[in-house]
Every structure is written in structure tokens, then in C-alpha cells.
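Colleague: I've got this model open and I'd like to learn how to read it. Can we start with a single residue and work outwards?

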Amino acid sequence: RSRPHHHTHSLGSVGRLVSFFFSATMSGASSEETLTCLAAAASTGGAGGESEGAQRRAAAAAATANAANAATMNATAEDDANNPANNAMNSAANSAADNATNSAADLKGIRGVYQMRTAKKDVSRYQVRVWIKRGQLKNTKSDKPWDEGNTKTKRNSGKRVHLGCFGSLASSIHAFDVAEVFFKGKYAATNKPATTYDDSPILRFLLDVVDDRTDLEEFMTVWKHLMQYRWVFDFTRPCSSVADQLQVVKTKIDMYKA
């Protein structure tokens, strides 16, 4: 039968007392001094035994806590290694939220451009609409769509024209500003200075191809042909690739009118 643990501690204390008594006797100490020292050693030995037991228990608890922390860290590392798809999804969600926040901030103060909701959070689409006064359209008293008097008519006497959707904010702004300048001339309320589009190939193409700037139907016919190649709205300066593409569009429009 195994002995209880307190018996073991008691035996260890007795052994220390016997050893101390033998040492004191051999050194020639008196009996009173020997008894006093034995009492002090007994009390010290008991306290030491208790402190040693507390230290062992504290060391065991610390070892258990360290083992638990190590197991948790290993489990987390295994989950990250085994679930790269989850990490990618979390990164994509965070970047999509950042992009949405930045896009909303970028649209402040921009006229005629509206962000659309898409099925994919990381994809942005922008809708462009322009407001045209009744006095700027065909069959009105004014023959010029950019007359100053026409821009001061009531808002409820105009028409909102949908110009399409674009994948970038820069292209959307370009499309809206070009339409504004086309219909209103120097009175256009553009997002960028109107002089930015003095060399715009899209604006020059519209002014060359559309015969009547007050005819909304003719304008929309030409615009729909341009929207088939909407990448040309990415360029505000002339270039050979845009010039070649606009020539193809002009050929198609001529065939359509014929």
C-alpha cells in the first residue's frame, strides 16, 4: 500500500532534524543551544516543505497554461494553413469595403455620375445622366441650344437623358462633361474645367457628326454607336487608336443614316 503524501513530507523533515542534531552534537554545542536550534530547524523545515510544495504546484499550473496556449496557437496556424480560401475571402471583403468607402468619398461634389450596386462588391459601375432643358431641344422658340436664356428655364420643363454605364469614374466624368459641353456650350456646368476637353476626340466627333445640336434623337443615335466602344472615353487627348476606332464608328453611322 502506498503511503499518503503527508507521511512522505514528515519523513523528510525528521531526516533533516536528525542530520542537524548530529551536526550540532559533533560541534560541541550545549544541550540548550541544541534544543533551541532543533526547534528553529523544525519550524523552518515545515515552512520550507510547504513553500516547496506551493512552488511545485505553481510550476505545474504554469506549465499547463503554457501548453494550452501553445495548443491554441498551433490550432490557429493549422486553420490558417488549411483554409487559404477563407483568408482570401476576408482580404477581398476588407478591400471591397475600403473601395466602397473610397468610391463614396470620390463621388462627393460630382455632377451627373451615380454609383450603381453590383453583384460583386469589388466591382464598381457608374451611371451617367444629363439634364437637358426644353429650350435646348428641337422645335422650340430658340434655334441655339446654348442660349443663356434657355439655361434659366424651370427645372421641371427639362428632360433627364441616360447616357449609359461605365466601369471607371474618370470615363464617367468624361462622358458627362462632353455631353454638357455639347448641349450647353460655354454655359455647361462641367465637373472639370471646360478647357480640359478642347482636344477631346469624343467632343470633336460629336460636333462633326451630329448635324443638329437641338435634335436629341440624332444625338442619341450617334451616342449609342459610341457606347459600343466605350473604351474610347478613357482618352481625353487625340491618339491614333481612338482616331481609327472613331472612323469605324462614323462609317457605321453613315450606313445607318443611308
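Modeller: Sure, start with His225: its relative accessible area is 14%, so His225 counts as buried. Buried means under 20% relative accessible area, exposed means over 50%, and partly exposed is in between (1.4 Å probe, protein chains only).

Colleague: Before I trust that, what kind of model is this?

Modeller: This is a predicted model, so local features need pLDDT of at least 70 and side-chain atom pairs count only at pLDDT 80 or more, while totals for chains, interfaces and linings use all residues. Residues are numbered from 1 along each chain as its sequence is written, and side-chain values use heavy atoms, with hydrogens and water left out.

Colleague: Fine. Where is His225 found, and what is His225 in contact with?

Modeller: His225 is found in helix H6. Contact means heavy atoms within 4.5 Å. Leaving aside neighbours within four places in sequence, His225 touches Val249, Lys252, Ile253 and Tyr256.

Colleague: How are labels like H6 assigned?

Modeller: Helices (H or I, at least four residues) and strands (E, at least two) are DSSP runs, numbered from the N terminus. Here you get seven helices and three strands, in the pattern α-α-α-β-β-β-α-α-α-α along the sequence.

Colleague: How do I read the strands, then?

Modeller: Look for pairing: two strands pair if DSSP finds at least two bridges between them. In this protein three strands form an open sheet, ordered E1-E2-E3, with antiparallel pairing. Strand E1 (113–116) and strand E3 (158–166) stand at the edges with a single partner strand each, so one side of each has no neighbour in the sheet. From one strand to the next, the twist averages 30 degrees.

Colleague: How many bridges join E1 and E2, and how many join E2 and E3?

Modeller: E1 pairs with strand E2 (residues 125–133) over four bridges, and E2 pairs with E3 over eight bridges. To find the register, check that Met116 has Arg125 of E2 as its bridge partner and that Gln115 stands opposite Tyr126 in E2. On the other pairing, Arg129 stands opposite His162 in E3.

Colleague: Why is E2 largely enclosed by the rest of the structure?

Modeller: Seven of the nine residues of E2 are buried, so the rest of the structure largely encloses E2. For the protein as a whole, 29% of the 258 residues count as buried.

Colleague: What lies across the sheet?

Modeller: Helix H4 (residues 169–184) lies across E1, E2 and E3, at about 10 degrees to E2. Axes are lines fitted to C-alpha atoms, for helices over the stretch in contact, and angles run from 0 to 180 degrees between N-to-C directions. Helix H6 (residues 216–227) also packs on the sheet, touching E2 and E3, and its direction makes about 10 degrees with that of E3.

Colleague: And how do I describe one helix against another?

Modeller: Two packed helices are described by the angle between their axes and the distance between the axes. Take helix H5 (residues 201–209) and H6: their axes come within 11 Å and cross at roughly 140 degrees. That makes H5 oblique to H6, given that angles under 35 degrees count as roughly parallel, over 145 as roughly antiparallel, 65 to 115 as roughly perpendicular and the rest as oblique.

Colleague: Which residues make the contact?

Modeller: H5 brings Ile202, Phe205, Leu206 and Val209, and H6 brings Glu218, Phe219, Val222, Trp223 and Leu226.
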